[in-house]
Amino acid sequence: MSLKYSVAALENPQKREEPVKYYMRSQTRETVSLERLVEDVSWGTTLTHGDVTHVITTLIERITQHMKDGDCVELPRFGRFRYVISSHGAISREACNENYLRRVRVQFKPAVALEADLRKISFEKVLPVNVRKEAAKNL
């Protein structure tokens, strides 16, 4: 398994006088749809297309509801999902309320097994997506 990456030249917006630095940017191969996942799972099991669709859809609904209820949801060998809150600071405990809320986001903590898999990944340098698309137009 190899992760593809391109290289992007970026300047420091706070120190524009510094020279440009180059950073790795991951390049996804494709976006795998629910339909594709359903096909993959149903092909490798005795479950029907409808059964797999129903299970995945219900799983997503239940994970979302548990997170809304304040639960952390753990999927073994994959990781944990939970909502986390960022807020502005208030001058007192009593003054701190929803008006200080900045944002709510999903936090994902990979499982130990997934992190171990990440250490085994190799990397492959590729052209950025926009360059590949432009080259494909000229063929």
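How are H1 and H2 oriented to each other? The points below lead to the answer, beginning with the sheet and the pocket of this predicted model.

1. The sheet. Three strands make up an open sheet, and their order across it is S2-S1-S6. The pairing within this sheet is mixed. S2 and S6 occupy the edges, where each has a single partner strand, so one side of each lacks a neighbour in the sheet. On average, neighbouring strands of the sheet are turned by 40° against each other, with direction ignored.

2. The antiparallel pair. Strand S1 covers residues 2-10, and strand S6 covers residues 122-125; strand S2 spans residues 21-27. Seven bridges link S1 with S2, and this pairing is antiparallel. Two positions help the reader to find the pairing in the structure. Ala-8 lies opposite Tyr-23 in S2, and Lys-4 lies opposite Gln-27 in S2.

3. The parallel pair. S1 also pairs with S6, and these two strands run parallel. Four bridges join them. Here Tyr-5 is the residue that stands opposite Lys-125 in S6.

4. The largest pocket. Its volume is about 240 Å³. Among the residues that line the largest pocket are Lys-4 and Gln-27, the two that stand opposite each other in the pairing of S1 with S2. The lining also includes Ser-2, Leu-3, Ser-26, Thr-28, Arg-29, Glu-30, Val-32, Arg-36 and Asp-40.

5. Origin and character of the lining. S1, S2 and helix H1, which comprises residues 34-43, each contribute at least two residues to the lining of the largest pocket. S1 gives the largest share, namely three residues. By class, the lining of this pocket holds two nonpolar, four polar and five charged residues.

6. The two helices. Two packed helices are described by the angle between their axes and the distance between the axes. Helix H2 consists of residues 49-68, and its axis comes within 9 Å of the axis of H1. The two axes cross at roughly 125°. An angle over 145 degrees would count as roughly antiparallel, and one from 65 to 115 as roughly perpendicular. The angle between H1 and H2 belongs to neither class, and the helices are therefore oblique to each other. This settles the opening question. In addition, H1 passes H2 in a right-handed crossing.

Technical notes. Residues numbered from 1 in each chain as written. Predicted model: local features only at pLDDT ≥ 70, side-chain atom pairs only at ≥ 80, totals over all residues. Heavy atoms only, no water. Pairing = 2+ DSSP bridges. Axes fitted to C-alpha atoms, helices over the stretch in contact; angles between N-to-C directions. 1 Å grid on protein atoms, 1.4 Å probe; cavity = no way out; pocket = protein on both sides within 12 Å on 5 of 7 lines; lining within 4 Å. Points joined across faces, edges and corners; volume = space filled by probe spheres on them. Nonpolar A, V, L, I, M, F, W, Y, C, P; charged D, E, K, R; others polar. Parallel < 35°, antiparallel > 145°, perpendicular 65-115°, else oblique. Left-handed = near helix turned anticlockwise from the far one by under 90°.
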